[in-house]
Amino acid sequence: GCQLDRSCNKWDLIPDLLPRIIFAISVFHAYGHQWPCQIVYHPRKCVGFGFSDGEGCERLWSALKALIPTLRVSGFHQRLFALDVQITFLDCKSRESLGSWLFRRWQTTCQRLTEASVGLSNLGASKEELRGLWKEQVDYQTRPLERQSTKRAQQKLAHYISLERSHEEAKEELAREKRKSSSRRNVFSADEALKLEETEARCARLQVAVNSAKASMGVDKQTLSRLQSDEYFVGRLKALAVKRQLRDKLRQRKFELSRLERVYRQTRNEERLQEHTTDSLKRREPTITQLVTRYNNLVVQLAGIKRTTPKLSSVVLPLKIDCDGIFALDVDDNIWDDVGLDESSTNAARWMSDSNIRIGIRHVLTFDRCEEEKARVRAERTRLQEWSRGTWDALVNVTNNQGSSSLLSAESALYSS
């Protein structure tokens, strides 16, 4: 599902049908995917799925698996006949128990909704705020990872110069508009006022972009012209890119590992899920270890450049990352500290650093899925009632046409019971 969605959006496949399709991964198989894939395609995190787990085919195959030994040695037509009879039987059985199934779904949903509502009220955070933090987490954890590049310094410098030039042009345009408005104060039209407001807003946006670009390089304006061939600056950007890759991979591993920590039922399926998740985590450990080694080597290179360059004597070097205990991902680990790499770094986001916010996000996701599940159960109940009424009317018409009152009374007794 995730690969098909990506291909459809990238190559503009099925453009007429794509807006009507929501892709997701079944619950059991979702945990074999990487964490960015899970937060987008997991049905418990997707809008519109309620508590559907996507395992309908698995249940059908489980109900048909008893026929495997006999159908393996049967003929083609015998196999089709046996499957048709068994599927018809399962269909009738499911229809008979549909009412009780919907009742159980409704009770379970109401119980989960109550628990989520109580949890949200205890935390004190609003649902809108938690949804906004969840969107922020999704956007942050699904963004492309930064890559190392020997031209990264030149690219950042060119981007900064371009933004600064646009900002200067916007300021000049704003000054011209203000001079016009002051010279023609009595005949100042609404169009000119609107244009002045748009120019002021554009100038403010460019100012924020210039400050962000300059802060991301961690230097002042006077030294920007010397950065293009600055070996230390290029090495620092490489180290920052590697550290962000490492931090994202560790964060993904931490969120996947939390699944194992929340498992309570030790059924065979749960054990298989634990084994599958554990194997996935072990496969990714070598990549994380390589990133740690690469980052530490870049820090050593920066230290060597500092020793041989007198003008860098006051520069603060980034800290090395200790391989021991890195997978614990504690809040005070060096992996979160970008000293010497990014002067614009701030504190960790609330969705990552505040345990109450993380609990609240899970509660609000459960709350939203409960509302969707209640709407789905109501719709299914309506369809069941319509089908039952239509079937009953058809039986009444048949009995009336035949003039048999005994059959009608028998059917009435059956339905009333």
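# A tour of the helices and cores

Start by selecting helix α4 (residues 56–64) together with helix α6 (residues 76–96), whose axes come within 11 Å and cross at roughly 120°. This is a predicted model, and what you see on screen should be read with that in mind. Because an angle counts as roughly perpendicular from 65 to 115 degrees and as roughly antiparallel over 145, α4 and α6 are oblique to each other. Their crossing is right-handed.

Now show the side chains where the two helices meet: on the α4 side select Leu60, Ala63 and Leu64, and on the α6 side Leu83, Gln86, Ile87 and Leu90. Sorted by class, this contact of α4 with α6 has six nonpolar residues and one polar residue, with no charged ones.

Before going further, zoom out to the whole protein, whose secondary structure comes to 15 helices and zero strands. Of its 417 residues, 32% count as buried. If you display contacts between residues at least 6 apart in sequence, 69% of them join residues at least 24 apart.

For one such pairing of sequence distance and spatial distance, go to Gly119, which is found in helix α7 (residues 98–123). Is Gly119 buried or exposed? With a relative accessible area of 12%, which is under 20%, Gly119 is buried. Add Gly360 to the selection: Gly119 and Gly360 are 241 residues apart in sequence, yet their C-alpha atoms are 7.3 Å apart in space.

Next, move to the largest nonpolar core, which has 20 residues, and begin with Leu130, Trp134, Trp351, Ile357 and Ile361, the members that touch the most other members. Colouring by helix helps here, since α3 (35–41), α7, α8 (127–141), α13 (350–353) and α14 (355–402) each supply at least two residues of this core. Which helix gives the largest share of this core? The answer is α14, with six residues. In soluble globular proteins, nonpolar side chains tend to be buried together.

Centre the view on Ile357 and hide its neighbours within four places in sequence; what remains in contact with Ile357 is Leu130, Leu133, Arg350 and Trp351. Of these, Leu130 and Trp351 are also, like Ile357 itself, among the residues that touch the most other members of the core.

For the last stop, leave this region and select Tyr232, Val292, Leu312 and Ile321, which are among the 15 residues of another core that lies apart from the largest one.

Definitions and conventions:
Residues numbered from 1 in each chain as written. Predicted model: local features only at pLDDT ≥ 70, side-chain atom pairs only at ≥ 80, totals over all residues. Heavy atoms only, no water. Axes fitted to C-alpha atoms, helices over the stretch in contact; angles between N-to-C directions. Helix = DSSP H or I, 4+ residues; strand = E, 2+ residues; numbered from the N terminus. Parallel < 35°, antiparallel > 145°, perpendicular 65-115°, else oblique. Left-handed = near helix turned anticlockwise from the far one by under 90°. Contact = heavy atoms within 4.5 Å. Nonpolar A, V, L, I, M, F, W, Y, C, P; charged D, E, K, R; others polar. Buried < 20%, exposed > 50% of the residue type's maximum accessible area, 1.4 Å probe, protein only. Core = buried A, V, L, I, M, F, W, Y, C linked by side-chain atoms within 4.5 Å.
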